Amino acid sequence: MNNQLKYIEYINEYAEKNKCHIWLGGSFLRGDATSLSDVDVSIYCDAAKLSDFINGYGTPVYISYTINPVGILIIIYKDGVAVDLDIIDKIEVTNDKFFHLENIKELNFTRNETICMELALRNDKPYQISRLFHRSLIKYISRKKDVGIGIANEIVTYLNSKVHVNEKNYKNQLAHLLDEFNDKYPLDDRYYNILDKIFYKLDE
């Protein structure tokens with residue numbers, strides 16, 4: 001969790017220094033985050049600052065976006081920090097703070113639905129599917145095994161693979177599935193290394 005806390009320090013400092021409104025959300029706001037939890041962040045700023053903000057922590061090894069809802073970037077950094085970045089297009093801010101520890105879902109806002117495609121490293125389907133390996137592992141290790149298994153089998157469906165992932169064979173079959181996927185759609189080595197490190201945590 002040290003890297004996530006380091007990232008939260010970064011966004012706090014960035015918000016105040018650059019007069020950019022940023023909200024912390026999800027498990028880190030609620031206080032129930034695990035060592036592998038994604039950091040949920042919402043940001044309200046112009047496009048130039050957005051790019052600067054994303055790369056200011058480090059060069060991402062993976063950037064994609066959600067389809068439903070549109071307007072959320074999925075970012076994974078080299079140190080393993082994974083961020084769900086909600087890009088805000090319009091919102092009314094009523095205080096003079098820039099780093100907000102309040103639930104943005106209670107506020108009236110709209111997302112920027114176009115900029116995500118511009119900021120993603122790639123837009124093809126295999127690239128978007130490759131993110132599911134990380135998501136599956138994080139959910140499985142975070143005591144949401146059924147969710148992690150379900151996500152893994154989404155990859156099975158996409159590949160039309162003969163593999164079927166369940167709780168008893170999760171680690172071995174997911175490893176086999178990763179090899180199968182990587183043969184067809186080679187992954188960035190930096191992203192693959194992050195997945196490899198998480199695999200070791202399955203034995204802890």
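In the predicted model, helices α1 and α3 are roughly antiparallel to each other, because the angle between them, about 150°, lies over the limit of 145 degrees. Helix α1 comprises residues 2–18 and helix α3 residues 47–56, and their axes lie 11 Å apart. The crossing of this pair is right-handed. On the α1 side the contact is formed by Tyr7, Tyr10, Ile11, Tyr14 and Asn18, and on the α3 side by Lys49, Asp52, Phe53 and Gly56. Classified by residue type, the contact of α1 with α3 contains five nonpolar, two polar and two charged residues.

A second helix pair is formed by α5 (residues 125–141) and α8 (residues 189–201). These helices pack at an angle of about 20°, with a distance of 10 Å between their axes. The angle is under 35 degrees, and α5 is therefore roughly parallel to α8. The crossing of α5 and α8 is left-handed. Helix α5 contributes Ser130, Arg131, Phe133, His134, Leu137, Ile138 and Ile141 to the contact, while α8 contributes Tyr191, Ile194, Leu195, Ile198, Phe199 and Lys201. By class, nine nonpolar, two polar and two charged residues make up the contact of α5 with α8.

Helix α5 also takes part in the packing of helix α6: the buried residues of α6 pack against α5 and against α7 (170–184). These buried positions are Gly148, Ile149, Ile151, Ala152, Asn153, Ile155, Val156 and Leu159. Helix α6 covers residues 145–159, and at 1.5 Å a residue its 15 residues should span 21 Å; the end C-alpha atoms are 21 Å apart, in agreement with this expectation. The residue that follows α6, Asn160, has a positive phi, near 55°.

Positive phi values also occur at two loop residues that are not glycine, Lys19 and Arg143. Lys19, with a phi of about 50°, is placed in the loop between α1 and β1 (21–25). Its relative accessibility is 55%, so Lys19 counts as exposed, the cut-off being over 50%. Arg143 has a phi of about 65° and is located in the loop between α5 and α6. With a relative accessibility of 69%, Arg143 likewise counts as exposed.

A further backbone feature concerns a peptide bond. Asn68 and Pro69 are joined by a cis peptide bond, with omega of about 5°. Pro69 lies in the loop between strands β3 (60–65) and β4 (72–77).

Methods. Residues are numbered from 1 along each chain as its sequence is written. This is a predicted model: local features need pLDDT of at least 70, side-chain atom pairs count only at pLDDT 80 or more; totals for chains, interfaces and linings use all residues. Side-chain values use heavy atoms; hydrogens and water are left out. Axes are lines fitted to C-alpha atoms, for helices over the stretch in contact, and angles run from 0 to 180 degrees between N-to-C directions. Helices (H or I, at least four residues) and strands (E, at least two) are DSSP runs, numbered from the N terminus. Angles under 35 degrees count as roughly parallel, over 145 as roughly antiparallel, 65 to 115 as roughly perpendicular and the rest as oblique. A crossing is left-handed if the near helix is turned anticlockwise from the far one by less than a right angle, and right-handed if clockwise. Contact means heavy atoms within 4.5 Å. Ala, Val, Leu, Ile, Met, Phe, Trp, Tyr, Cys and Pro count as nonpolar, Asp, Glu, Lys and Arg as charged, and the others, Gly among them, as polar. The expected span of a helix is 1.5 Å times one less than its number of residues. Buried means under 20% relative accessible area, exposed over 50%, partly exposed in between (1.4 Å probe, protein chains only).
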